[in-house]
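Work through the following exercises with the sequence and the model side by side. Each task is followed by a solution that proceeds step by step.

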Amino acid sequence: MSGLRDYLTKADEEEIVLAITQAEKNTSGEIRVHVETTSKKAPYERAQEVFFELGIDKTTARNGVLFYICTNSKAFVILGDQGIDDKVKVDNFWEGTKELVINHFKQGLFKEGLIYGILKAGAQLKVHFPSTEENKNELPNEISKA
């Protein structure tokens, strides 16, 4: 498997960014997507590293979420910061969301899987961290790549 283009077109990426914008519309939470071709580290370890590199841990309410994908190793991790993780961990929300996204991936529906997961995460963020008067965008919405 070569690069990102095997998985997402430019138009797909734009739709994913729109989904992030939509998911963040009614919440103070933040969602980031990071895609890389290869990593020598274990997926969860690398996702944690990316989480901090992207500053997701710096949101005011500690309610950032990372969708991490490594295409060559077919790795996918969802990480929520402490604020949101404390709220949804009880019902195993991240694992359930991850499985639904992976089921899309297995069918070759990468964009659809990501959008589904992003909107599902956004709905949980809205429940636990509703939008405030000054609902500023603390992190960029575009997909980061390595």
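**Exercise 1.** Which residue in E2 is the bridge partner of Glu36?

Solution. Before starting, note that this is a predicted model, in which local features need pLDDT of at least 70 and side-chain atom pairs count only at pLDDT 80 or more, while totals for chains, interfaces and linings use all residues. Residues are numbered from 1 along each chain as its sequence is written, and side-chain values use heavy atoms, with hydrogens and water left out.

Step 1: locate Glu36, which belongs to strand E1 (residues 30-36); helices (H or I, at least four residues) and strands (E, at least two) are DSSP runs numbered from the N terminus.
Step 2: look across to E2, where Cys70 is the bridge partner of Glu36.
Step 3: list the contacts (heavy atoms within 4.5 Å) of Glu36, leaving aside residues up to four places away in sequence, and you find Arg46, Tyr68, Ile69, Cys70, Thr71 and Ala146.
Step 4: assign the burial class, for which buried means under 20% relative accessible area, exposed over 50% and partly exposed in between (1.4 Å probe, protein chains only); Glu36 has a relative accessibility of 3% and therefore counts as buried.

**Exercise 2.** Describe the sheet around E1, and state how the faces of this strand are covered.

Solution. Step 1: establish the strand order, which is E3-E2-E1-E4 in an open sheet of 4 strands with mixed pairing; two strands pair if DSSP finds at least two bridges between them.
Step 2: identify the edges, namely strand E3 (75-80) and strand E4 (144-145), each of which pairs on one side only.
Step 3: examine the pairing of E1 with strand E2 (residues 64-70), which is parallel and extends over 7 bridges, with Glu30 standing opposite Gly64 in E2.
Step 4: add helix H2 (residues 43-53), which packs on the sheet and touches E1, E2 and E3, its direction making about 50 degrees with that of E3; the axes are lines fitted to C-alpha atoms, for helices over the stretch in contact, and angles run from 0 to 180 degrees between N-to-C directions.
Step 5: check the cover of E1, where 7 of its 7 residues are buried, with Glu30, Arg32, His34 and Glu36 on one side and Ile31, Val33 and Val35 on the other.

**Exercise 3.** How many aromatic pairs does the structure hold, and which residues do ring pairs link into a cluster?

Solution. Step 1: apply the criterion that rings of Phe, Tyr and Trp (its six-membered ring) pair if their centres lie within 6.5 Å, planes under 30 degrees apart counting as stacked, over 60 as edge-to-face and the rest as tilted. The structure holds 6 such pairs.
Step 2: take Tyr7 and Phe110 as one of them, an edge-to-face pair with 4.6 Å from centre to centre and 80 degrees between the planes. This pair links distant parts of the chain, 103 residues apart, since Tyr7 lies in the segment before helix H1 (10-24) and Phe110 in helix H5 (residues 110-128). Tyr7 and Phe110 are both buried.
Step 3: turn to Phe93 and Trp94, whose ring centres are 5.0 Å apart and whose planes meet at 65 degrees, so this pair is edge-to-face; Phe93 and Trp94 are buried as well.
Step 4: collect the cluster that ring pairs build, which consists of Tyr7, Phe67, Phe76, Phe105 and Phe110.

**Exercise 4.** Where do Arg62 and Lys74 lie, and what is notable about their backbone?

Solution. Step 1: place Arg62 in the loop between H2 and E2, where its phi is near 55 degrees, a positive value in a residue other than glycine. With 33% relative accessibility, Arg62 counts as partly exposed.
Step 2: place Lys74 in the loop between E2 and E3, where phi is positive at about 55 degrees although Lys74 is not a glycine. Lys74 has a relative accessible area of 61% and is exposed.

**Exercise 5.** Which order do the elements of the chain follow from the N terminus on?

Solution. Step 1: count 5 helices and 4 strands, which run α-β-α-β-β-α-α-α-β.
Step 2: consider burial for the chain as a whole, where 48% of the 146 residues count as buried.
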